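User: Please take a close look at one strand in this model, its partners and the core it belongs to. Set it against the ligand surroundings and the chain as a whole.

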Amino acid sequence: MDFPLDAVDELLSTTRSVRRRLDLDRPVTDQVLLDCIDLAEQAPTGGNQGSRRWLVIREADTKAQLAEMYRDGGGRFMIDAASQLSGSGHPNEKTMASAAYLAENLERVPAIVIPTIWGRHDGSGRPGLFDSVIQASWSFCLALRARGLGTAWTTVHLQKADDVATLLGIPDGVTQIVLFPVAYTLGTEFRPAPRRPAPEITFFDRWGWTNETPADGAQAMAFGPGVSVEIDVDVPVGALWKLVTDVDLPARFSTEFQGGEWLDEPGPGARFRGRNQHDARGEWETVSTVTDWTPNRRFAWAVGDPEDAAARWAFELEPLAGATRLRQTMVMGPGTSGVTAIIDQKPELEARIIAGRRAEHSRNMMRTLGGIKALAERA
Ligand SMILES: Cc1cc2nc3c(=O)[nH]c(=O)nc-3n(C[C@H](O)[C@H](O)[C@H](O)COP(=O)(O)O)c2cc1C
């Protein structure tokens, strides 16, 4: 069968967490829920065991008690957080308002569905008891969306999992994973969410090795080979911006980068000089130009001619609830560089030369991030 790809891709890219657009008044039949559960049961299951059990909660009083447990488990925190963020323009303002709405109205949804699985995460290493419920649960969400219904993947009630088990009579040895408020959606148009593009988060052959464009197994300058390394730092983004824009700092950690100095006032379009030294290649100097200066977010620069850079580098700061995921990325090319000079001499070794360079960069970048983390967390 040829699948209508447009429709399938739209389903996969627009199955959102729906809360404020749940139609609390339109009834949902058992049949549509059972159809979706049948589809969900087609998901893979560890050891091919049929260990999933689904609970559908309809009774008004039981829904009300579950909603109270949801609020006790974290829903009330969401309601408070939403009122604090209201009008602040904070990046989480909308999501928190939506989460709070659900926490306040959970008892009003036509049905609550709780997928469970026989088994405990007990470290026994038995195949996929517990992990067999996630994929089925997501299939359930997709099947709902295809029928005009929606839900949100929620877990805060798990703080009160024992109370939920007592209320619903769930036996010992059965694990709850998620709670789905299920309803028809108000309107069926939903948009894809902003997510990082695949080439930035997909590594080829080694952790952190990226390709700007599809390389189909090759390691070649033509595909923008790069490296991405990350570290979680226990300070907010604001505390890191000064460190990552200090262009001399990496010299303290890198075995190759010897020092840097700004040639212009730091900011968009500013230039800085860097001194480098490498066992095999001796010493050299570069001038780089800032290509992105988004305070507390991203500091990017091109080495050499910004129109035909030898390489493109960036520091990226991603906020994580009071902490930061700090990332450094580099892409070789598209212009000429020390690496392309070596490849020109031995074109048949292009893949090995690139692999060697990636490994060197990866080590030095990780040392740099580790050094920045230590400095930031000490201060
Ligand atoms: C493991 C997990 C737990 C979640 N727990 C909750 C929750 O307890 N309450 C809630 O309202 N949303 C919860 N969500 C939904 C996320 O907040 C949601 O995915 C996020 O807002 C992004 O929206 P989107 O799913 O439409 O892209 C959870 C999602 C996941 C994957």
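Analyst: In this predicted model, the ligand is surrounded by Arg 16, Ser 17, Thr 95, Ala 99, Leu 102, Ala 152, Trp 153, Thr 154, Thr 155, Val 156 and Ala 193. Sorted by class, this shell holds six nonpolar residues, four polar ones and one charged one.

The strand to look at is β3, which spans residues 111-118. Seven of the eight residues in β3 are buried, so the strand is mostly covered, given that a residue counts as buried when 20 or more other C-beta atoms lie within 10 Å of its own.

Its pairing can be taken partner by partner. Strand β2, residues 52-57, runs antiparallel to β3 and is joined to it by six bridges. Within that pairing, Ile 114 of β3 has Leu 55 opposite. Strand β6, residues 180-185, is also antiparallel to β3, with three bridges between them. Here Val 113 has Phe 180 of β6 as its bridge partner. Strand β5, residues 174-176, pairs with β3 over three bridges, again in the antiparallel sense. In this pairing Thr 175 of β5 lies opposite Ile 117.

The strand also contributes to the packing of nonpolar residues. The largest nonpolar core has 40 residues, and Ile 112 and Val 182 are the ones that touch the most other members. Two or more residues of this core come from each of α2 (30-40), α3 (60-85), α4 (93-105), β3, α5 (132-146) and β6. Another core, of 26 residues, lies apart from it and includes Trp 209, Val 244, Ala 302 and Leu 369.

Val 182 gives a view of β3 from the side of its partner. Beyond its neighbours within four places in sequence, Val 182 is in contact with Ala 111, Ile 112 and Val 113, among others. Its further contacts include Val 109 and Pro 110, as well as Val 28, Leu 33, Leu 144, Leu 149 and Thr 151.

For the setting, the chain has ten helices and 14 strands. Its C-alpha atoms fill a box of roughly 75 × 50 × 45 Å along the principal axes. Of the 379 residues in the chain, 30% are buried. Among contacts with a separation of 6 or more, 63% are between residues 24 or more positions apart.

Conventions
Residues are numbered from 1 along each chain as its sequence is written. This is a predicted model: local features need pLDDT of at least 70, side-chain atom pairs count only at pLDDT 80 or more; totals for chains, interfaces and linings use all residues. A residue is buried if 20 or more other C-beta atoms lie within 10 Å of its own, exposed if 12 or fewer, and partly exposed in between; C-beta atoms are placed from the backbone. Helices (H or I, at least four residues) and strands (E, at least two) are DSSP runs, numbered from the N terminus. Two strands pair if DSSP finds at least two bridges between them. A residue is near a molecule or strand if its C-beta atom, placed from the backbone, lies within 6 Å of it. Ala, Val, Leu, Ile, Met, Phe, Trp, Tyr, Cys and Pro count as nonpolar, Asp, Glu, Lys and Arg as charged, and the others, Gly among them, as polar. Two residues are in contact if their C-beta atoms, placed from the backbone, lie within 7 Å. A nonpolar core is a set of buried Ala, Val, Leu, Ile, Met, Phe, Trp, Tyr and Cys residues joined through C-beta atoms within 7 Å.
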